[in-house]
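Please keep the structure open in the viewer and follow the selections in the order given below. Each stop names what to select and then states what is there.

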Amino acid sequence: MASAASAQLSSTFYDTSCPDALSTIRRVVTAAVRSEPRMGASLVRLHFHDCFVDGATPNAGSIRGMNVIDNAKTQVEAVCKQTVSCADILAVAARDSVFALGGPFWTVPLGRRDSTTASKTNAENDLPPPSSDLQGLTDKFSNKGLSVTDMVALSGAHTIGQSQCKNFRDRIYNDSNIDTAFATSLKENCPQPIGSGDSSLAPLDRTSPNAFDNAYYSNLLSQKGLLHSDQVLFNGGGTDNTVRSFASNPAAFGSAFATAMVNMGNIAPKDGDAGPDQAQLLQGMED
């Protein structure tokens, strides 16, 4: 729901107008993630989509987590009506989700206004598909003003969450840069014929699927990235050394991820007083 325009965000934006906003959001998010750890990944993904597209437009079927955002919005509205934007709630919820699962904590710049439009076409054009190669990923992130290091760090959000068979089928049957036993173990629930088991889920990080840690990068070193767009980060290209660094140094990853999340949250936000409640925009995009 962040909208494109130059903006000056501030971590103290709601200190006077809604001092209980952040604690209210954190309470809702922490309870939701404790109840279902996978929800943390869903909330991070919603924020990612919101930042990459002018008006958040998750892909078909990726609306998971909006019930938590709606709940947080309702609770925040109860303490300060029409003050806090949904875009800011998404940004804070992503941070709180990561922290609840053992990841880093960072200060979230605030003051975004909600977009009044949501473009499915923009979503399809701006968001990198799971079939992306390294250059394609680099271009998508560069177009948003994000560095290669930001891209590798943000990809580490795949240390939590799951993906559907249709997103990794081509990789496990056709890619050569994949651990054989790993690929074989995935084929049982993801048959080769298209349309068969398309929605079957597998963890993006099988090592520690419910912990926000640096195991994602260790998986890449072992050719156990679930998505094609994961493994291309460690495949003889220019990002190999960054992956090695994050795999061997959890603190370096945590710091880079926090920085990248702030940078991503600063992608052309629309600032000013909170606009009208646009919570239904996201829901309206579900196919």
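**Salt bridges, a cavity and a partly exposed glutamine**

Seven salt bridges are present in the structure, which is a predicted model.

For the first selection, display aspartate 96 and arginine 26. Their side chains form a salt bridge with an N to O distance of 3.6 Å. This pair connects distant parts of the chain, since aspartate 96 belongs to helix α4 (residues 86-100) and arginine 26 to helix α1 (residues 21-35), with the two positions 70 residues apart in the numbering. Is aspartate 96 buried or exposed? Aspartate 96 counts as buried because its relative accessibility is 2%, under the 20% cut-off. Arginine 26, with a relative accessible area of 32%, is partly exposed. Add Arg95 to the selection: Arg26, Arg95 and Asp96 are linked in a network of salt bridges.

Next, select arginine 64 and glutamate 36. Their closest N and O atoms are 2.2 Å apart, and the two residues form a salt bridge. Here too the pair links distant parts of the chain: arginine 64 is in the loop between α2 (38-52) and α3 (66-79), whereas glutamate 36 is in the loop between α1 and α2, 28 residues apart. Arginine 64 is partly exposed at 26% relative accessibility, and glutamate 36 is partly exposed at 30%.

Proceed to helix α3 and select lysine 73 and glutamate 77. In this salt bridge the closest N and O atoms lie 3.4 Å apart. Both residues belong to helix α3 and are four residues apart, about one turn of the helix. Lysine 73 and glutamate 77 are both buried.

Now turn to the interior space. How many cavities of 30 Å³ or more are there? The count is one, and the volume of the largest cavity is about 60 Å³. To display its lining, select His47, Ala91, Trp106, Val108, Pro109, Arg112, Met261, Val262, Gly265 and Asn266. Colouring these residues by class gives six nonpolar, three polar and one charged. Helix α13 (residues 250-265) contributes the most to this lining, with three residues.

For the last stop, select glutamine 135, which is located in helix α6 (residues 134-142). Glutamine 135 counts as partly exposed because its relative accessibility is 49%, and exposed would require over 50%. Add valine 232 and draw a C-alpha to C-alpha distance: glutamine 135 and valine 232 are 9.4 Å apart in space, although 97 residues apart in sequence.

Key:
Residues are numbered from 1 along each chain as its sequence is written. This is a predicted model: local features need pLDDT of at least 70, side-chain atom pairs count only at pLDDT 80 or more; totals for chains, interfaces and linings use all residues. Side-chain values use heavy atoms; hydrogens and water are left out. On a 1 Å grid over the protein atoms alone, a cavity is a set of points where a 1.4 Å probe fits but cannot get out, and a pocket is an open set with protein on both sides within 12 Å along at least five of seven lines; lining residues have an atom within 4 Å of a point. Grid points are joined across faces, edges and corners, and a volume is the space filled by probe spheres set on the points. Ala, Val, Leu, Ile, Met, Phe, Trp, Tyr, Cys and Pro count as nonpolar, Asp, Glu, Lys and Arg as charged, and the others, Gly among them, as polar. Buried means under 20% relative accessible area, exposed over 50%, partly exposed in between (1.4 Å probe, protein chains only). A salt bridge is a side-chain nitrogen of Lys or Arg within 4 Å of a carboxyl oxygen of Asp or Glu.
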